[in-house]
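Please open the model in your viewer and keep the sequence panel beside it. The tour below goes from the whole chain to single elements, with a suggestion at each stop of what to select.

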Amino acid sequence: MREFILYARKAATSNDFSLNDLPGSGGRMDLVARCICNALWISHDLRRDSCIHVVACGAPNPPRVISFYGSLLRAVSPDERSIASWIKKAPKGKNPGIRVRKLSFQQLISELASDGKFFYIIHEKGRDISELYLKEDAVFIVGDHLGLPLKEEKFVTRFPHEKLSLGSTSYLASQCITILNYELDRQRMGKRVMLRSGFEPESLARKAEMIGRATLPERRAKKEKTKQS
Ligand SMILES: C[S@@+](CC[C@H](N)C(=O)[O-])C[C@H]1O[C@@H](n2cnc3c(N)ncnc32)[C@H](O)[C@@H]1O
């Protein structure tokens with residue numbers, strides 16, 4: 001199963017936040033809802049093979065892990081308000097695809113590690129995604145607008161992991177999830193373009209070939225030929 005973890009430092013851990021003020025009283029519950037949407041929804045369907053765990057660390061009763069399972073979700077629509085209203089109702093246990101637990105980030109990681117899961121820490125300073133074949137049955141950890149605390153990142157490194165970068169642009173957490181889903185979907189279809197790092201001529205030639213451009217030596221040779229003719 002494809003799993004995502006969102007570390008949500010400010011997300012409310014009571015059910016009395018206002019649906020009219022998800023960023024304020026919800027502690028950036030708007031961001032949380034967008035991440036859940038991007039993790040699980042595709043056009044006219046849900047990703048049945050995916051789930052997302054939100055580690056809510058805001059007031060008044062942290063930590064709390066809210067998990068949404070694509071295979072079991074009922075009656076939720078992909079808009080922020082609908083998702084947030086289900087988070088509010090989650091403790092009542094009315095939706096089989098939503099589970100709430102009093103659990104910390106580290107407890108969740110240990111639980112997943114004991115199931116043999118591999119972790120990708122999604123971080124700007126990691127290895128570029130284009131260099132790696134991605135494990136499908138893995139856990140992808142994304143920080144919120146404030147990033148993943150160093151203490152939690154260090155804890156994950158006790159287990160099999162890789163730090164993965166999506167490039168030098170700093171994206172929103174929800175955008176990172178979309179990019180990851182896109183890359184994994186393309187990989188599953190056998191259509192993912194992977195580039196090797198480094199500046200060896202072979203690697204450059206391969207990159208050029210993939211983006212349909214001539215390499216520098218090829219361009220020079222062409223220029224030389226035009227000069228001579
Ligand atoms: C808006 S960013 C957080 C920025 C925060 N100032 C920090 O330094 O971590 C939210 C999360 O998205 C992920 N992220 C954003 N851009 C990324 C990139 N280019 N590569 C990998 N992860 C990225 C990281 O997981 C990050 O914690």
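Begin with the whole chain, a predicted model, in which 34% of the 229 residues count as buried. Colouring by secondary structure should bring up 7 helices and 9 strands. If you display contacts between residues at least 6 apart in sequence, 66% of them join residues that are at least 24 apart.

Next, select the sheet, which is open and built from 7 strands in the order 6-5-4-1-8-7-9, with mixed pairing. At its edges you will find strand 6 (98–101) and strand 9 (161–165), each of which pairs on one side only. Looking across the sheet, neighbouring strands are turned against each other by 25° on average, when direction is ignored. As a general background for this view, strands of a sheet pair through backbone hydrogen bonds, either parallel or antiparallel.

Now select residues 2–8, which make up strand 1, together with residues 50–56, which make up strand 4; the two pair in the parallel sense over 7 bridges. Within this pairing, Y7 can be picked out opposite V55 of strand 4. Strand 1 also pairs with strand 8, again in the parallel sense, over 5 bridges, and here E3 stands opposite V139 of strand 8.

Stay with strand 8 (138–143) and ask how many of its residues are buried. The count is 6 of 6, and the strand is accordingly described as mostly covered. In a regular strand the side chains alternate between the two faces of the sheet. Select A138, F140 and V142 for one side of strand 8, then V139, I141 and G143 for the other, and you will have buried residues on both faces. Strand 8 further pairs with strand 7 in the parallel sense over 4 bridges, where I121 has I141 as its bridge partner.

Add helix 3 (residues 105–114), which lies across strand 1, strand 4, strand 5 (64–69) and strand 8, and which runs at about 150° to strand 4.

Then move to helix 1 (residues 29–40), whose 12 residues reach 16 Å from the first C-alpha to the last, close to the 16 Å expected at 1.5 Å a residue. Why can helix 1 be called largely enclosed by the rest of the structure? The reason is that 11 of its 12 residues are buried, and these include the charged-letter entry R34 as well as M29, L31, V32 and I36.

Between strand 1 and helix 1, select the loop residue S18. Is S18 buried or partly exposed? It counts as partly exposed, because its C-beta has 13 C-beta neighbours inside 10 Å. Bring A84 into the same view: S18 and A84 are 66 residues apart in sequence, and their C-alpha atoms are 9.4 Å apart in space.

Finish at the ligand, around which 17 residues can be selected, the closest being I122, G143, G147, L166 and Y171. Which elements each supply at least two residues of this shell? They are strand 7 (118–128), strand 8 and helix 5 (173–188), and the largest share, 3 residues, comes from strand 7. Coloured by residue class, the shell divides into 8 nonpolar, 8 polar and 1 charged. G143 links this stop to an earlier one, since it is among the residues closest to the ligand and is also one of the buried residues of strand 8.

Key
Residues numbered from 1 in each chain as written. Predicted model: local features only at pLDDT ≥ 70, side-chain atom pairs only at ≥ 80, totals over all residues. Pairing = 2+ DSSP bridges. Axes fitted to C-alpha atoms, helices over the stretch in contact; angles between N-to-C directions. Contact = placed C-beta atoms within 7 Å. Expected span 1.5 Å × (residues − 1). Buried ≥ 20, exposed ≤ 12 C-beta atoms within 10 Å, placed from the backbone. Near = placed C-beta within 6 Å. Nonpolar A, V, L, I, M, F, W, Y, C, P; charged D, E, K, R; others polar.
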